[in-house]
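Got the model open in your viewer? Let's take a short walk through it, one selection at a time.

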Amino acid sequence: MMSESRIISLMNARVKQALAVLLMAGLLGCSQKNESQEDDSGEGYPLVGEILSVLQDEGLLEVRHEEIAGYMPAMTMRFKVAPGDMKNAKPGQKIRARLIRDGEGGFALVKIWPIDEEAAKDLEKFNDRLQKQAKELDSGRYYGEGDQSPDFALLDQFGKTVTSDRLKGKPFFLNFIFTRCTDAQMCPLSTSKMAQLQLMVKESGLDASFVSITLDPEFDTPGILRNYADAYGIDGSNYHFVTGPKSAVRDLVRSFGVTSMDNVDTIMHSLATVLIDENGAIIKRSEKSAWTTLEFLEALKKSQE
Ligand SMILES: [Cu+2]
């Protein structure tokens, strides 16, 4: 149980008011997305199917899909997909996605999610706990230094389940980002610094994991996150970019004291960078965009002494 004294409360009414002013003035969060990055959640048709083969040379997936009511009977087709989805694809994998025209007379799949019953069970179990824990927090309170990090389960850029339990035994750094963020001082800078920190930790002979939770789970599928991680040249062996049910992401955003608001064409958000020790306790937290890799490396070193 989380006692009140163990929870740091920083967001009093005045801070909230100031934040609202900043959000309105556009001083916080990310600048506008361009046309091509428009959310396409409503675009195309919902598809459920199974990957039969991965045609690497053509950059196509062969998928046997179920009937798409009012559009197409069940059949096997070849689809263009994003590079990250191509890399994650495995024959036999069941998927849900949206089918769209690719603009060249062919068909493409976007918003590809693996269908995996085992993973779904984990997600439900952990995120039910997360939801209860988030509800126990009084309005404006969140988990800070000294608190136990909340439970969660999400999918990483490889489509693998990442749970708070499986992360234990090793410290991990955690932050929030979204791939369409175009504000150089926000997510892109955070990701660059996390990538640098990953290298510094390795060079120091220390062992830690990295977790970046997307603020935009509807758009940021595992494949999109893989594109993103690869674009930053990030070693995915101990760095998980994670996504999953919107409700779980919302509970995590709240639990870690981050503000995130869907705006017309972007997500306005604040930042939190957190270091969690091998037992799941939060040992360092910063909400500054100017957090340094060195201060977090030092905090990790100190915790390992
Ligand atoms: Cu951002």
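Rings of Phe, Tyr and Trp (its six-membered ring) pair if their centres lie within 6.5 Å. Keep in mind that this is a predicted model.

Start by selecting F173, F210, Y228, Y232, Y239, F241, W291 and F296: ring pairs link them into a cluster. The structure has 9 aromatic pairs by that rule.

Now zoom in on F173 and F296. Their rings meet edge-to-face, 6.3 Å centre to centre, with 65° between the planes. Colour by secondary structure and you'll see F173 in strand β8 (residues 172-177) and F296 in helix α8 (residues 293-304), so this pair ties together parts that are 123 residues apart in sequence. F173 is buried, at a relative accessible area of 0%, and F296 is buried with a value of 0% too.

Next, pick Y239 and F241. Here the rings are stacked, with 4.4 Å between centres and 5° between planes. Both Y239 and F241 are buried.

Two arginines are worth a click as well. Show R101 with F107: the charged end of R101 sits over the F107 ring, 4.3 Å from its centre. Then show R180 with F219, where the charged end of R180 sits over the ring, 3.9 Å from the centre.

Last stop: how many cavities of 30 Å³ or more does a search of the whole structure find? Just 1, and about 60 Å³ of space lies in the largest cavity. To see its lining, select S149, P150, D151, S164, L167, K168, F172, I276 and G280. By class, that lining has 4 nonpolar, 3 polar and 2 charged residues.

Conventions
Residues are numbered from 1 along each chain as its sequence is written. This is a predicted model: local features need pLDDT of at least 70, side-chain atom pairs count only at pLDDT 80 or more; totals for chains, interfaces and linings use all residues. Side-chain values use heavy atoms; hydrogens and water are left out. On a 1 Å grid over the protein atoms alone, a cavity is a set of points where a 1.4 Å probe fits but cannot get out, and a pocket is an open set with protein on both sides within 12 Å along at least five of seven lines; lining residues have an atom within 4 Å of a point. Grid points are joined across faces, edges and corners, and a volume is the space filled by probe spheres set on the points. Ala, Val, Leu, Ile, Met, Phe, Trp, Tyr, Cys and Pro count as nonpolar, Asp, Glu, Lys and Arg as charged, and the others, Gly among them, as polar. Rings of Phe, Tyr and Trp (its six-membered ring) pair if their centres lie within 6.5 Å; planes under 30 degrees apart count as stacked, over 60 as edge-to-face and the rest as tilted. Helices (H or I, at least four residues) and strands (E, at least two) are DSSP runs, numbered from the N terminus. Buried means under 20% relative accessible area, exposed over 50%, partly exposed in between (1.4 Å probe, protein chains only). A charge sits over a ring if NZ of Lys or CZ of Arg is within 6 Å of the ring centre and within 35 degrees of the ring normal.
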